Structure formats: structure tokens, C-alpha cells
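Work through the exercises below with the model open. Each task is followed by its solution in steps.

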Amino acid sequence: VARIRTAAPGKHYDGRGLYLDVQPSGARYWRMKFRYAGREKLLAFGVFPEVSLAEARRRRDDARAILRDGRDPAELRAAMKQAQQITVAADFPAVAMRWLERKRPEWAAETYRKAEYVITQSLIPALRGESIATLATPRVVAVLNEIASRAPMLANKARQYLGGIVTYAIQQGLREDGRLLSLRGATPKHHKGHLAAATTPQEITALLRAIDAEATPVMRAALKLAMLTAMRPGVVASARWAEFDLQQAEWIVPGERMKTGHAHIVPLPHQALAVLQEMAAYSAGHEYVLPPLARQKTPHLHRDAMSAALRRMGFRGRHSTHGFRGMLRTVARERLGIDADVLEAQLAHAKRGDVQKAYDRTTFGDARRVAMQAWADYLDRLRAGIHDAVPLAQAKAARARRTA
């Protein structure tokens, strides 16, 4: 050992191809010179003193045994290293997160949020330590059944995401070509019911009064905006001041925040403008209209807080945050006589194959403005205990008089 430590720069041979390569810097590297298929090649065995002389000799002997079997120890080592790298790269959590990032540009923010939730909260904890290269159908089916036992709809989403992750892995060379998971029928059939929504005058009146009594101004404003605009809860919770044109009474939601991928213009009745004016006292000058509540880590109000508030108010199973959309679609059609196409345009339910504009200003723009003001006025009448609906024709005439 003393001779190794004091060896001068240069190559110091030990025998049978093994030598110590001493650099001018003092670094000492173990090398082995050998010939394979008529070519001289080198193997690196590590650095002294991390690798002792005895260990270097053992590695040399192992390499020479491989040579006697007619194989190239350098190529074998490279293949083992590549296999190890593939094993690390094929770790299920790593592959799932890479797939998720790849899909992010294609998805609306809410679609990505849902996928991220299912993958990080359900799939990764259950499949941690699994390799995508060897992941088998029975293992996955067991995980999906466990998810289905507590959340049937999430299990269906998880099955879809797993299919995408496996396909991605095959394309990246991390799983044998064509080796897909057999997941058709893997989860119990779940018959989706309608999302809970208040649709009778009595139910809506109770909901209105509960929201008006909500003590937290931010939550009260969030629920009112969801009701007055019928936008998706996640879009409402993350509304930005820069998206609002209060002079034109419009909310311009960028395409990347819409499920359709297309920008959407939401007409704002004067009741919605009043809500925004109230919120200006809390968040004017900040990015988001609805600031987070205490202990929330998001930069804006968390969408799930809206659902929690409705449950706290006693509407569990009776009305959900998404139910504001169903409430508009049902009640505005039946009670106010608003055209179904106008309501579909307001809800941004795009039909496949439709020619989309960068903005939907020409898609029933005036009709939607009248309809949403009529809707807000109808809610005010219910709030006041008046259950008779004002026909849309009268609402149009009233708006004409106001703008004359």
C-alpha cells in the first residue's frame, strides 16, 4: 500500500493486464489492458484508495474469466450499466410523472389537475417500487379495485391514465413493444348519476339564503360568481383580475384555462359586477380575484373549499359546486324559456367538429348577455320570495329600455 501511495506519475503494472495509472495530479486509477477480437481494449476498475489492490485484482480475475468464456467484459459491463439505467428510468413513479408532464401542454389546467391528483394520490402510492417494464395486469387490477371501492369514478380515470402511461413507456423503449395491460372491464361498472343540483324554486331559494349568510366574504363571493356565471368551479376559484373587462361587463377566460381549449367570453350581469366590486376591497392589485383562505397553499382560493362550504351549509347530496351549471341549464330553460343553444354556448359545451373562433364573441353573444341578466334577476326574485318567473321576452324588453 505504501508503494502505491508513493508511486510516481506513470503506469505501474501488477500483472495479467492490471496496472495503476498515476496522474500528475496524484490521482491513482486502476486499469486493465486486454485484447478481444484482435483489438486492444481497456477496463476501468476504480480509484485508489476507494478500490484496494486486492479488490482490483479480484475484478481483473473476474474479467479474465469472462474473456475465457469468449465474451467481451467491457461490452458486458456496458450492457449491465444500460440495463441498470433502464431499471431506474422504468420506475413507475418516474414514468408516470414524465407522462403527466408530456400531457400538460395538451390539457386544460383543470384536466391536468385531475390527472395529477389521481396519479400522485392513488396510483403512485400503490405502485411505488414497481417497474413499468414488468408491471403486470393482475397487479394493476388489484390497485384499480381498491380505488373503485372508495371512489368508482376515480378508478375509471386511473384506468385511462394507466393505459396512457404504458403506451408512453413502450414508445420510450422502457417496456416490451406491444405489451399492453388488459384493463377492459377491470373496474366495476359505475352508473354515473347527475351531479347534485338545486332545480326547484324552493331549493334554489334555500341555497341563495345560505350563501348570503356565509360569513367568509371570499367564499360568499366565489359561490355567487359560480352561480351568476355558471363557469366550472376550478375556473371560478382561479379567476384573475386581468381577465375581467368591467367596462364591457365581460370575463374573458383564456383558452388554456378552458376545458375546450378555446377562449371563452362570459357576459357579466350587474349582480356579478357588484360581487367583483366587493372583492376589490380584498384583492385589488393582486393577481387573483379570490385569495386563498387560511392554511391553503394555493395562490388563490382552492376549488375544493367551495364544495366543503356547500357541505357545511347542509347541501351534501343536494347541490354541488358543479351543480350551478346544471341549475342554469335546467331552470333557465324550463322557467325562463331561454334557448338551449344559448345555454350550451354559455356553458362552453363545444360540439366536436364545430368551427371554433379564437373568441366566442359572435356565438350568441347578445343573446347570452340578455339571458344571463335574466338569470341573475330571476335569482334576485327568488331571494325576495317571488317564485314566478319573468319570461325572457319581458327581460329583453326591460334591457332595451335600460340601454335606450
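**Exercise 1.** Find which residue W251 stands opposite in β7, and place that pairing in its sheet.

*Solution.* Step 1: in β7, the residue opposite W251 is V266. Strands here are DSSP runs of E with at least two residues, and helices are runs of H or I with at least four residues, both numbered from the N terminus. The model is predicted, so local features need pLDDT of at least 70 and side-chain atom pairs count only at pLDDT 80 or more, while totals for chains, interfaces and linings use all residues. Residues are numbered from 1 along each chain as its sequence is written, and side-chain values use heavy atoms, with hydrogens and water left out.

Step 2: β6 and β7 (residues 264-267) are antiparallel and pair over 4 bridges; two strands pair if DSSP finds at least two bridges between them.

Step 3: β5 (residues 244-245) and β6 (residues 250-253) also pair in the antiparallel sense, over 2 bridges. F244 stands opposite W251 in β6, and D245 has E250 as its bridge partner.

Step 4: the order of the open sheet of 3 strands is therefore β5-β6-β7, with antiparallel pairing. β5 and β7 stand at the edges, each with a single partner strand, so one side of each has no neighbour in the sheet.

**Exercise 2.** Which residue takes a positive phi in the hairpin of β5 and β6?

*Solution.* The hairpin has 4 residues between the strands, and A249 has a positive phi near 55°.

**Exercise 3.** Is H300 buried or exposed, and which residues is H300 in contact with?

*Solution.* Step 1: H300 is in the loop between α11 (270-283) and α12 (303-312).

Step 2: the relative accessible area of H300 is 16%, so H300 is buried (buried is under 20%, exposed over 50%, partly exposed in between, with a 1.4 Å probe and protein chains only).

Step 3: leaving aside neighbours within four places in sequence, H300 is in contact (heavy atoms within 4.5 Å) with A237, S238, Y288, L290, P291 and P292.

Step 4: a polar atom of the H300 side chain lies 3.4 Å from the backbone oxygen of A237.

Conventions: A polar contact is a pair of N or O atoms within 3.5 Å; within protein, one must be able to donate a hydrogen and the other to accept it, and residues adjacent in sequence count only if both atoms are side-chain atoms.
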